[in-house]
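Thanks for coming, everyone. Let me put the structure up, and then we go straight in.

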Amino acid sequence: MPDRFAGRLTALEMFGNYAYTGIWLLIGVGFVLVTFWFASLIRPQRPNPTKLENYECGEMPLSASYLQFNVKYYIFALIFVIFDVEVVFLFPWAVVYNSLGLFALIEMLVFLLILIFGLAYAWKKGALQWV
Amino acid sequence: MLELRPIFDAIGEFLNSILPEFWVTIVSAFGTGAIILGVASVFVLFFVWWERKVSAHMQQRYGPMRTGWHGWLQTIADGVKLLQKEDLIPRDADKLVYLFAPVVCFVAAFLAYVTIPFGEGLIVQDLNIGILYIIAITTFTVVSLLMAGWASHNKWSLLGGMRSAAQIISYEVPLSLSLIGVIMIAETLSMVSIVVQQEGWFWNWYVFRQPLGFIVYYIAATAEANRTPFDIPEAEQELVAGYNVEYSGMKWAMFFFAEYINMLTISAIAVTLFFGGWHAPAPFLDFIPSWIWFVGKCLLSVFVLMWFRWTYPRVRVDQLMAFAWKFMLPLAFVNIILTGFGIYLF
């Protein structure tokens with residue numbers, strides 16, 4: 001049985017690892033905003049009421065744009081949340097799979113069968129039908 | 001000989017000798033960020049030109065020819081033009097969200113490069129959850145497309161944004177599941193460790209042990225990047241241009257910057273996980289520097305993505321969703337189960 005905590009990081013190492021992500025976040029946001037600012041110095045800015053209308057194939061917009069849309073989007077979002085959470089559970093299991101042997105295989109089959117059953121249920125109920 | 005690692009090692013040593021550890025982290029984070037930003041920009045400039053040339057030649061045209069030799073300056077000229085374009089914000093738009101949608105889109109694409117190994121030792125930070133981190137960060141693209149679609153206060157944008165979100169979250173599930181097989185074999189999430197395990201001849205590459213996983217990954221990744229045949233969000237003939245109808249100038253350019261960076265990201269993940277990363281296909285070819293192998297493989301993969309785009313027609317939106325949930329997802333499950341039995345039996 002390998003020592004599963006051997007590669008565990010100290011708080012300082014963790015900071016060293018993820019400090020990059022944080023600083024890159026600042027670089028990314030800064031880069032985009034500075035580009036916008038620089039563009040604003042050299043581009044023309046002559047708005048008029050017609051220009052600021054929403055584009056609707058050249059016609060005058062008919063109504064407010066926050067119209068009702070298909071409820072299917074909501075159902076797919078719900079199915080996504082269910083499956084994506086289960087995928088997150090599979091990641092740590094996949095890392096240690098090889099060292100757990102037969103136990104992990106049976107566990108995996110049970111877990112995946114529950115997932116597949118859920119998919120089959122959603123399928124049969126017509127939740128996966130996009131009309 | 002041409003390896004870049006000694007240069008960065010020397011810079012790191014120099015920084016360590018003059019600064020305390022905390023400031024070394026800060027300085028090197030800013031330094032690497034600037035370098036990757038530059039490298040990514042060059043790649044994007046090249047990809048835009050390359051895509052136009054590839055599409056042109058596949059359709060027996062020439063494509064850009066007049067700016068520079070075979071039009072290689074075309075993207076730069078386009079960039080200068082976009083910089084000078086008037087930036088229209090619709091009167092009814094949600095101004096703050098409208099401004100930050102391209103920011104989120106770009107940052108989500110850019111942050112993935114924290115843990116992509118460009119060559120032996122050429123990785124910014126070898127995070128121990130590497131691949132999970134990349135999947136998590138790049139998914140923020142969905143948020144930016146929804147922001148753009150909603151904030152524009154335009155019917156086409158709204159529909160395009162919703163369709164993008166539906167498409168990307170649907171393909172997110174098979175994409176994540178297709179990588180589980182590789183992780184089960186590799187027993188790690190770290191990008192460097194996964195590459196190190198694929199050393200030697202090319203038959204050690206994981207694509208030969210995970211062919212099904214690779215196919216599912218590549219199709220799902222094409223859909224994630226909104227590339228044809230899965231470019232429903234931008235379907236010009238039905239949605240004008242999707243979520244970015246109202247965007248112009250640099251804000252529009254940022255969305256496309258991010259899209260081309262994402263093309264490189266999905267190619268880099270494919271190369272790292274399935275095609276041996278920086279390793280040469282045969283040990284005697286090791287004299288060519290590792291980063292050239294990595295970039296070469298990535299460029300080949302990007303070319304295949306462009307090839308897809310100019311070969312396949314666009315699928316319909318209901319076909320698209322059905323394909324994700326009724327074909328790709330079961331296939332990804334089958335792949336995990338087969339891999340599980342395979343590891344246990346052999």
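How far from K53(B) is the nearest side chain of opposite charge? Keep in mind that this is a predicted model. The side chain in question is D78(B), and it is 12 Å away. K53(B) is buried, yet it has no salt bridge. A salt bridge here needs a nitrogen-to-oxygen distance within 4 Å, so D78(B) does not qualify as a partner.

Where does this lysine sit? K53(B) belongs to helix α2 of chain B. Leaving out residues up to four places away in sequence, K53(B) touches Y62(B), G63(B), P64(B), M65(B) and H70(B).

Take H70(B) from that list. H70(B) is in the loop between α2 and α3 of chain B. Its phi is positive, about 50 degrees, and it is not a glycine. Most residues other than glycine have a negative phi. With 31% relative accessibility, H70(B) is partly exposed.

There is another histidine to show. H153(B) has a positive phi of about 55 degrees, again without being a glycine. H153(B) lies in the loop between α6, residues 140-151, and α7 of chain B. Is H153(B) buried or exposed? Its relative accessible area is 9%, so H153(B) counts as buried.

H153(B) leads us to D92(B). Sequence neighbours up to four places away aside, D92(B) touches H153(B) and N54(A). So what do we know about D92(B)? It is in the loop between α3, residues 74-83, and α4 of chain B. D92(B) is partly exposed, at 35% relative accessible area. Its C-alpha atom is 9.0 Å from that of N154(B), and the two residues are 62 apart along the chain. D92(B) also has a salt bridge with R91(B), at 3.7 Å from N to O. R91(B) is partly exposed too, with a relative accessible area of 41%.

Now the other salt bridges. How many are there over all chains? The count is six. One of them joins R309(B) and E51(B), at 3.5 Å from N to O. This pair links distant parts of the chain. R309(B) is in helix α12, residues 290-309, and E51(B) is in helix α2, with their positions 258 residues apart in sequence. The two ends differ in accessibility class: E51(B) is buried, at 3%, whereas R309(B) is partly exposed, at 26%.

Next, R316(B) and D318(B). Their closest N and O atoms are 3.0 Å apart, in a salt bridge. D318(B) is partly exposed, with a relative accessible area of 25%.

On to the interface. Which side chains form the salt bridge between chain B and chain A? They are D87(B) and R43(A), at 3.8 Å from N to O. The count of salt bridges between these chains is one. D87(B) and R43(A) are also part of a network of salt bridges, together with K251(B). As for polar contacts, five residue pairs across the interface count, both residues at pLDDT 80 or more.

Which elements of chain B supply the side that touches chain A? Each of the following gives at least two residues: α2 (21-58), α4 (95-111), α5 (130-138), α7 (155-186), α11 (249-274) and α13 (317-345). Helix α7(B) provides the largest share, 16 residues. By class, that side of chain B has 54 nonpolar, 14 polar and 14 charged residues.

How much area is buried between the chains? About 7400 Å², with 77% of it on carbon and sulfur atoms. In chain B, the residues that lose the most area to chain A are K155(B), W325(B) and K326(B). Together these three make up 10% of what that side buries. In terms of contact, 82 residues of chain B meet 72 residues of chain A.

Last, chain A itself. Its secondary structure comes to three helices and zero strands. Chain A has 131 residues, and 31% of them count as buried. Take the contacts in chain A between residues at least 6 apart in sequence: 57% of those join residues at least 24 apart.

Back to the opening lysine, then. K53(B) is buried, has no salt bridge, and has D78(B) 12 Å away as the nearest side chain of opposite charge. That is my list; over to you.

Note on methods
Residues are numbered from 1 along each chain as its sequence is written. Chains are lettered from A and ligands numbered from 1 in the order in which they are written. This is a predicted model: local features need pLDDT of at least 70, side-chain atom pairs count only at pLDDT 80 or more; totals for chains, interfaces and linings use all residues. Side-chain values use heavy atoms; hydrogens and water are left out. Contact means heavy atoms within 4.5 Å. Buried area is the accessible area (1.4 Å probe) that two parts lose on being put together, summed over both. A polar contact is a pair of N or O atoms within 3.5 Å; within protein, one must be able to donate a hydrogen and the other to accept it, and residues adjacent in sequence count only if both atoms are side-chain atoms. Helices (H or I, at least four residues) and strands (E, at least two) are DSSP runs, numbered from the N terminus. Ala, Val, Leu, Ile, Met, Phe, Trp, Tyr, Cys and Pro count as nonpolar, Asp, Glu, Lys and Arg as charged, and the others, Gly among them, as polar. Buried means under 20% relative accessible area, exposed over 50%, partly exposed in between (1.4 Å probe, protein chains only). Lys and Arg count as positive and Asp and Glu as negative; His and the chain ends are not counted.
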